[in-house]
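Biologist: Could you take me through one part of this model in detail? I'd love to start with a single helix and then follow its surroundings outwards.

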Amino acid sequence: MRIPILKLKDCLLVSIQWELDDQTALEFQEDLLQKIHSTSARGIVIDITSIDFIDSFIAKVLGDVIDMSKLMGAKVVITGIQPAVAITLIELGIRLDDVMTALDLENGLDKLQQELGE
């Protein structure tokens, strides 16, 4: 099952609604990068509110997606990080130092628009 990636102006919105398996995570990575390229998106909001658990492979893919998106010129905001996910990311050494975060999708969109100067 593919994760929907919606375009809103020059941003992409992604809301991950279920726990990811390895194959879905890799498909998401490829789909998002293709969508950034085809739309020239300047910003991405990835909402992970529905994810209660993250394993090491999914955490690595998420970190890679963020780094790859930045390499393609898109700013990334991660929203809805649950406490257990935050703990796991830190324990696994996945650093999100240069990534904006927000509690929810609305705040994430606001933060991204401010960052993009809109």
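What span should the 18 residues of helix 1 (residues 22-39) have at 1.5 Å a residue, and how far apart are its end C-alpha atoms?

Modeller: Happy to! First, a word on the ground rules. This is a predicted model, in which local features need pLDDT of at least 70 and side-chain atom pairs count only at pLDDT 80 or more, while totals for chains, interfaces and linings use all residues. Residues are numbered from 1 along each chain as its sequence is written, and side-chain values use heavy atoms, with hydrogens and water left out.

Now your helix. At 1.5 Å a residue, helix 1 should span 26 Å, and its end C-alpha atoms are 26 Å apart, so the two agree. The expected span is 1.5 Å times one less than the number of residues. Helices (H or I, at least four residues) and strands (E, at least two) are DSSP runs, numbered from the N terminus.

Let's look at the two sides of helix 1. T24, A25, F28, Q29, L32, L33 and I36 are buried. Seen down the axis of helix 1, these buried residues fall within an arc of 165°, so they line one face. The arc is taken from the directions that run from the helix axis to the C-beta atoms. An α-helix has 3.6 residues a turn, so residues three or four places apart point the same way. On the other side of helix 1, E30, H37 and S38 are exposed. Buried here means under 20% relative accessible area and exposed over 50%, with partly exposed in between (1.4 Å probe, protein chains only). The cover over the buried residues of helix 1 includes strand 1 (5-8), strand 2 (11-15), strand 3 and helix 2 (56-71).

The ends deserve a look too. At the N-terminal end of helix 1, D21 acts as a cap, with a side-chain oxygen 3.1 Å from the backbone nitrogen of Q23. Past the other end comes S40, in the loop between helix 1 and strand 3. S40 has a positive phi of about 55° although it is not a glycine. Most residues other than glycine have a negative phi. At 55% relative accessibility, S40 counts as exposed.

Helix 1 also takes part in charge pairing. D31 forms a salt bridge with R2, their closest N and O atoms being 3.1 Å apart. This pair links distant parts of the chain, with D31 in helix 1 and R2 in the segment before strand 1, 29 residues apart. A salt bridge means a side-chain nitrogen of Lys or Arg within 4 Å of a carboxyl oxygen of Asp or Glu. D31 has 24% relative accessibility and therefore counts as partly exposed. Across the whole structure, a search finds five salt bridges.

Another of these joins E115 to K75 (3.6 Å, N to O). That pair, too, links distant parts of the chain: E115 is in helix 4 (residues 105-116) and K75 in strand 4 (residues 75-79), 40 residues apart. Returning to helix 1's own partner, R2, E27 and D31 are joined into one network by salt bridges that share partners.

From here, step across to helix 2, part of the cover just mentioned. Helix 2 has 16 residues and reaches 22 Å from its first C-alpha to its last, close to the 22 Å expected. Its buried residues are I58, A59, V61, L62, G63, V65, I66 and S69, and what covers them includes helix 1, strand 3, strand 4 and helix 3 (83-91). D55 caps the N-terminal end of helix 2, placing a side-chain oxygen 3.2 Å from the backbone nitrogen of F57. G73, with a positive phi near 90°, follows helix 2. Within helix 2, D64 and K60 form a salt bridge with closest N and O atoms 2.6 Å apart. The two are four residues apart, so about one helical turn separates them.

Last, strand 3 (residues 43-47), where D47 sits. D47 is buried yet has no salt bridge, and the nearest side chain of opposite charge, K111, is 13 Å away. For this purpose Lys and Arg count as positive and Asp and Glu as negative, while His and the chain ends are not counted. The side chain of D47 does make a polar contact with the side chain of T79 (2.7 Å). A polar contact is a pair of N or O atoms within 3.5 Å; within protein, one must be able to donate a hydrogen and the other to accept it, and residues adjacent in sequence count only if both atoms are side-chain atoms. Leaving aside neighbours within four places in sequence, D47 is in contact (heavy atoms within 4.5 Å) with V14, S15, I16, T79, G80 and L105.
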